[in-house]
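Please consider the structure shown below. The paragraphs that follow lead through its strands, its core and one of its pockets.

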Amino acid sequence: MCLLALLVWVTTALAGVPHASREDGPLFPEATNGQQFPWNKMRLPQAVSPLHYDLLIHPNLSSLDFSGSVKIQVEVHEETNTIVLHSIDLNITKAKVLASAEGEGQIVKVLEYPAYQQIALVSDSTVLKKGGVYFIELEFVAKLSETFNGFYKSTYRTREGEERVLASTQFEATSARAAFPCFDEPAFKANFSIRVRRESRHISISNMPKLRTVALPDGLFEDQFDVTVKMSTYLVAFIVCDFLSISKNTEHGVKISVYTVPEKIDQAEFALDAAVRLLDFYDDYFDIPYPLPKQDLAAVPDFQSGAMENWGLTTYRESALLFDPQKSSVSNKLGITTIIAHELAHQWFGNLVTMQWWNDLWLKEGFAKFMEFVSVNITNPELQVEDSFLRKCFEAMEVDSLSSSHAVSTPVENPAQIQEMFDDVSYEKGACILHMLREFLTPDHFKSGIVQYLKQHSYQNTVNAHLWESLTTKQHSEDELDIKAMMETWTLQEGFPLIAVDVKGRQVRLNQERYLKGEDLSRTSGFLWHVPLTYVTSNSATVHRFLLKTKTDVLYLPEEVDWVKFNVDMSGYYIVHYEGSGWDDLITLLKHNHTALSSNDRASLINNVFQLVSVGKLPLDKALDLSLYLSREMEIMPVMQSFSELVPLYKLMEKRDMEALENQMKGYIMHLFRGLIDRQAWTDDGSVSERMLRSYLLLFACLRGHPPCVSTATQLFNKWKRSDGNMSLPIDVSHAVFTVGARTEEGWDFLFKKYRESLSTSLKSRIKSALSSSPLAHKLIWMMEQSLEGSVMKTQDLPYVVTSVSNNPKGFKHAWDFLRANWRLLVKKFDLGSHSIAHMVTGVTSQYSTREMLEEIQEFFSSLTAETGAELRCIQQALENVEENIRWMDKNLLLLQAWLDKNHPEPAQLDDHFKHSEL
C-alpha cells in the first residue's frame, strides 16, 4: 500500500517550520523510537507532492524477501523541514533528501508511526523551500507478504508435483506502501520508472513495456521498464515469475498478452480474444485512445479478489481468466468475459480519471460494473449478459435494505474502512443507479456526457459533482432538470425508495418512503429521492415516464386500465407496492397471460412481492398466490428469482429442525418446476441462458433427491468413475453429476483425487462445489481445515468453501464453529474490512433464525476488539439479518403452514437414498 504524501510540520497558519508543542496545538503521537511524530492525521499533509518515482525492486524467491530503493522527485507547496509519507512493514536502511537528482544529499532522520502506516523524514538543518523541487532517496528491505496484498508470495505445483514460487503485487487500496515507501493516496499521481532484478530462470512484467535487460554480476538480470503515464500508486504492478504468454494486436495497434503458469498456457486463448475485442470497443466507445502501447493480463495462482485493473498489467485469479474449451462451462465463459470487460473499463474509469478519495470509490467501481453490461452486450451478444444485470440490483438491495447500509459516497479514513467500501453498494448499486440514469437521459445523451467527463478530467482526480456537471446539457438547464440534485438523492443517502401506487379510475396516487427492514421506523423518516418512474399499462406497451420529486404526487392516465406495471424491466432502483386491487390485477394477469409482461418485469414482481412481505406491506399468502403461476414459467430471470425468494424459506426451517414443514415447502417448489426440470436434456445444447438455467435446475433437482434426476446423475457418475474421469461429461450437467457422486465416501475420495490432478480451474471449481455439498460432515470439516492450511486446497478459495459448507444442512454448524475458532488467523490472512471476511461473516450466519443463535453470534462478535474486527459493518449486517429472520418466522410461520396445507399438502418425493440425508 503505497500512497506517497509529503508532510509539513506546521501547527499554525504561518509559513515556516515551528516545533509543535503539546501546549500550543493538537497532540502528536509518539514514534517507535519514543520521539514525537510530527503529524497526527490519517490522511497525508498537502505540503509536498510526488512528481516521479524511480523504483528498483529485487525479490529473492528462495529466501522469500526483497530489497529495493526509490528516488522520489517531489514538489514543495509549503515550506517545511519534514516529509511524511506511507510505509508499512518495511525496514528503511537509508534515507536522504537531495536538492538535485545527482547531488550528494543530506541524510535525514526517519521516524515511524505504524498505527497510521506513516514515516516522517525530518531534517534538522535543511528547509525545503516553497516551489522547490527535491529528491527523496530511500533504501529498504522486507519479507515477501504471506497475505494477498502488497508484494506477496504465490506458489503453484507443476504436473510432476514440484512447487514453484513467484512474487506478485496487489496494491489496491492501501498496500503499495508495503512494497515501497510512497504517497499512497489516489490524488498523489506521479510517473513511475520501474526496474526489477531477477534470476535467469524468471521473467518480470510491469505496467509498461520492457526497454532493456541488463546483465549484472552473480548471474542476475535487471529488467528496465518504460516510464508510466501519470497515475496513482494503487495501480503500480510488477510480477517476477516463470510464466509463458501468447499475444495479439488490437485494431488500434495495442499489443495484448495473456500470461499464465507454463502448463496452463493452452487455456489463455479465449481471454486473449475477448480482451482484444473489448479494448477495441472501449477505444471507440470512449473516443479516447488507450494511452499505453500494451495491455497484459496475468493469471496469478494466489489471488484474493477476482481481478485488479493495474494500468497496463491487469491481474486475475486463474478461474477469472483461464478457459478450457473441453471443460469450462458456459457460465465460466460469461464470467471471464465480464471480468475482463470490468478491468479494461477501469483503464479509463479509475486509471485515466481517478476518484479524489476512496469515499467516491463508486465513481470507478460502479462504472466498471455498469460498463461490463454495456460492452459485453455489444461485443458478445450471444452471452445474453442482460439476463444477469437485474440480479446485481437485487443483490445490492439486499444489503441496502438494512440499517447498517451506507450511502454510495461515504466518508472513510482508515484502511479497514476503505476496504469495506469494496461492497455491493459501491459496485452493484453504483451500476444500477447509472443504468437508471442512462435510461432516463437516453443512452446517447448519457454516453456523450461520460465521454466529456473522461476527456475533461484525464490524468486528474474527480468527485461526484464533476460527473453530474458533464451529464448536464444546455437542454437540461432550460428544462430545469437538475441532474446533480437528482443524483445526489441516490449517492449521498443510503437505502432506496418504496413507491406506493394507488389507481382510482384514471388517477394514480403516488407516495414514496424508504424501504427498510427492521423495527426502527424512525430511520425511514427524512428520506426523499428524485425517482424517474416508468410504467406500462394493459392498454399501452409504450413506456411512460414521470419524475417523482416529492413525497406524494398524482399522475393521470389517458384512460382507465385493467392493470398498470411500474418500474418497467426494473430499470429503476426502487420497489413498487400496488395498493387497492393492484396486486390482485397483476396476479390475475400472470395466471392467465404471463408473457404480456417482459421476463424482467415478471422477475421484478416476484422480487417485490416477497420484499413487501418482509416489511409488513403484504401478507405472505399474497406473495405465495403470485408464485402459483410459476409452473408455466420458462425464462431464466423469473425462474432464478423465484428460487432466490422461495429457497431461503425452507433454509430458515432447516435451522429450526422443522422437518415436516421444510419438506412440504421443498415439495411445493419441486411441484412448481417439475415440468421444467423433467424437460431438461442432459446435454450442452441451447442458448447461453438456456444452458445456465439447465445447469441450475438439474443441480437443484438432484440436491432435492428428485428420483429421475438422481437416477440419471448416478448412472453418469458411475460411468465417469469407471473411465477414471476420462469420459467426456456434458459440461452443463457435470455439477449435478459430481454432487450426486460426492454423497458416498468412495465417490468423494475419487472426486478429490480428480481435483488434485486437474489443471482446469473450471473443473476444479465444480468438483470443489460438489465436495462441499456432501452430507459427510467429517469431509466438510477437513475441507475447511485444508483450505486454511493452503497446500492441498488454495487459501484464496477458503471464503467460498466456508460459505458453501454453511449452506449444507450437515455443515452449517461446523462452518460457524470454524469461523469462530480461526477468526484471528482469518483477519490476518484476508485483512480487516476485506470482502472475503464480509462474505464469510454474512454467509455463515445468514440463515439462522432463533434467539439462541442470535445471542451466540452477538456474544462472539462482542468479544472482539477494534483491532480484531469489532467495528466491521459486516457484523452489524449479520446481526440485522438474523434479527430479520426471527421476525419473519414469528410473523409468517403459521401463515405459511396454512397456505401450504391448502395449496400443496404433499411433502417432497425423494429418491430412496436421499430420505434421511437430503440436502
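**Strand pairing, core and pocket**

Tyr53 has Phe192 of strand S13 as its bridge partner. The model is predicted, with pLDDT of at least 70 needed for local features and 80 or more for side-chain atom pairs, while totals for chains, interfaces and linings use all residues. Numbering starts from 1 along each chain as its sequence is written, and side-chain values use heavy atoms, without hydrogens and water.

Strand S2 (residues 48-60) and S13 (residues 191-199) run parallel and are joined by 6 bridges; pairing requires at least two DSSP bridges, and strands are DSSP runs (E, at least two residues), as helices are (H or I, at least four), numbered from the N terminus. S13 also pairs with strand S16 (residues 220-225), here antiparallel over 5 bridges. In S16, Glu222 stands opposite Arg197.

The largest nonpolar core (buried Ala, Val, Leu, Ile, Met, Phe, Trp, Tyr and Cys residues joined through side-chain atoms within 4.5 Å; buried means under 20% relative accessible area with a 1.4 Å probe, protein chains only) holds 300 residues, of which Phe180, Ile340 and Phe566 touch the most other members. Helix H27 (residues 873-903) gives the most to this core, 12 residues. Beyond its neighbours within four places in sequence, Ile340 has contacts (heavy atoms within 4.5 Å) with Ala271, Ala274, Ala275, Leu278, Leu297, Tyr316 and Leu321.

The second largest pocket (an open set of points on a 1 Å grid over the protein atoms alone, where a 1.4 Å probe fits, with protein on both sides within 12 Å along at least five of seven lines; lining residues have an atom within 4 Å of a point) is lined by 26 residues, with Lys327, Trp720, Gly725, Ser758 and Leu763 nearest its centre. Helix H18 (731-741) supplies the largest share of this lining, 3 residues.

Methods
Buried means under 20% relative accessible area, exposed over 50%, partly exposed in between (1.4 Å probe, protein chains only).
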